[in-house]
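Q: Please take me through one part of this predicted model in a close look. I would like to follow the charged side chains and then go on to the backbone around them.

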Amino acid sequence: MKLDSHFWSNKYKLHQTGWDIGYASPPIISYFDQLDNKDIKILIPGCGNAHEAVFLFEKGFKNIYILDFVKETLNKFQEKQPNFPKSQILYGDFFSLHDQFDIIIEQTFFCALLPDQRKAYVSRMKSLLKPSGKLIGLLFDTYFEKSGPPFGGNKKEYIALFSPLFKIKTLEKCYNSIPPRMDTELFFIFEGN
Ligand SMILES: C[S@@+](CC[C@H](N)C(=O)[O-])C[C@H]1O[C@@H](n2cnc3c(N)ncnc32)[C@H](O)[C@@H]1O
């Protein structure tokens, strides 16, 4: 199976976007609620409709970059958010991005990749973070009956995958998941080591 930009573009065209919760993910918002420094440089890769970016931008986090390789979804975002800087809307492949951020947000991007891309995801994330930067967000703590995407996983697998390059600061059952995902997500904070 090839999960390229055509695959995802087609999903958006057919409105097969079951991953899109329609608003900013509560656990991610709670995390940002406890941060005072609004100048931090943030990346949301595989952003789709980027609801978290809209919310955080309105909260005063102006240094947010969003990235996706489906142009139409970024165009739609730009139309709806004319105040969001165009230079912070990145069109391209995550695996070709070169920059450094303080925080990278994970929200249904990891699970959208083929499992054999996971090691490459981990090392690209490491290289996209500043030395004390953090990768934060949600990972599924379940397996799906239908063949993916989404592709599931569990805590043990994630520890084995991330711990060579990251300090596992938090990786816990998420207490404030949206109701349909309750008990199936882990909230995590990984810091480059
Ligand atoms: C399951 S969707 C999640 C979208 C968004 N994070 C959300 O929760 O609504 C996965 C997104 O990742 C994007 N994507 C997948 N692989 C990508 C890659 N290699 N580079 C950039 N974007 C990618 C897809 O186009 C799609 O928008």
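**Charged pairs and the strands that hold them**

A: Let's begin with Lys-130, which is partly exposed at a relative accessibility of 30%. In this predicted model, Lys-130 makes a salt bridge with Asp-102, and their closest N and O atoms are 3.3 Å apart. Asp-102 belongs to strand β4 and Lys-130 to strand β5 (residues 129-140), so this contact ties together parts that lie 28 residues apart in sequence. Asp-102 is partly exposed as well, with 23% relative accessibility.

Staying on β5, we come to Lys-134. Glu-191 forms a salt bridge with this lysine, with 3.9 Å between the closest N and O atoms. Here strand β7 (residues 185-192) supplies the glutamate and β5 the lysine, so parts 57 residues apart in sequence are tied together. Are the two partners buried or exposed? Glu-191 has a relative accessible area of 12%, so it is buried, the cut-off being under 20%. Lys-134, at 24%, counts as partly exposed. The pair also has company: a network of salt bridges links Lys-134 and Glu-191 with Lys-167 and Lys-169.

Another salt bridge brings in two loops. Lys-41 pairs with Asp-99, and the closest N and O atoms are 2.9 Å apart. Lys-41 sits in the loop between α2 (26-33) and β1 (42-45), while Asp-99 sits in the loop between β3 (89-91) and β4 (101-106); the two are 58 residues apart, and their contact links distant parts of the chain. Lys-41 is buried, at 15% relative accessible area, whereas Asp-99 is partly exposed at 30%. In total, the model has eleven salt bridges.

Those loops point us to the strands β1, β2 and β3. Between β1 and β2 the pairing is parallel, with four bridges, and Leu-43 has Tyr-65 of β2 as its bridge partner. Helix α3 (residues 51-58) joins β1 and β2 in a right-handed β-α-β unit. β2 also pairs with β3 in the parallel sense, over three bridges; there, Leu-67 is partnered by Leu-90 in β3. Together with helix α4 (residues 71-80), β2 and β3 make a right-handed β-α-β unit too.

How does β2 fare between its neighbours? Five of the five residues in this strand (residues 64-68) are buried, so β2 is largely enclosed by the rest of the structure. Both of its faces are covered, with Ile-64, Ile-66 and Asp-68 buried on one side and Tyr-65 and Leu-67 on the other.

Finally, a few backbone details are worth finding in the loops. After β4, in the loop leading to α5 (118-128), you will meet Thr-108. This residue has a positive phi of about 50° although it is not a glycine, and Thr-108 is buried at 17% relative accessible area. Asp-183, in the loop between β6 (166-173) and β7, likewise has a positive phi, of about 70°, without being a glycine. Following β5, the loop towards α6 (155-162) holds Pro-149 and also Pro-150. Gly-148 and Pro-149 are joined by a cis peptide bond with omega about 5°, and the bond from Pro-149 to Pro-150 is cis with omega near 0°.

Notes: Residues numbered from 1 in each chain as written. Predicted model: local features only at pLDDT ≥ 70, side-chain atom pairs only at ≥ 80, totals over all residues. Heavy atoms only, no water. Salt bridge = Lys/Arg side-chain N within 4 Å of Asp/Glu carboxyl O. Buried < 20%, exposed > 50% of the residue type's maximum accessible area, 1.4 Å probe, protein only. Pairing = 2+ DSSP bridges. Right-handed = clockwise from strand over helix to strand, strands pointing away.
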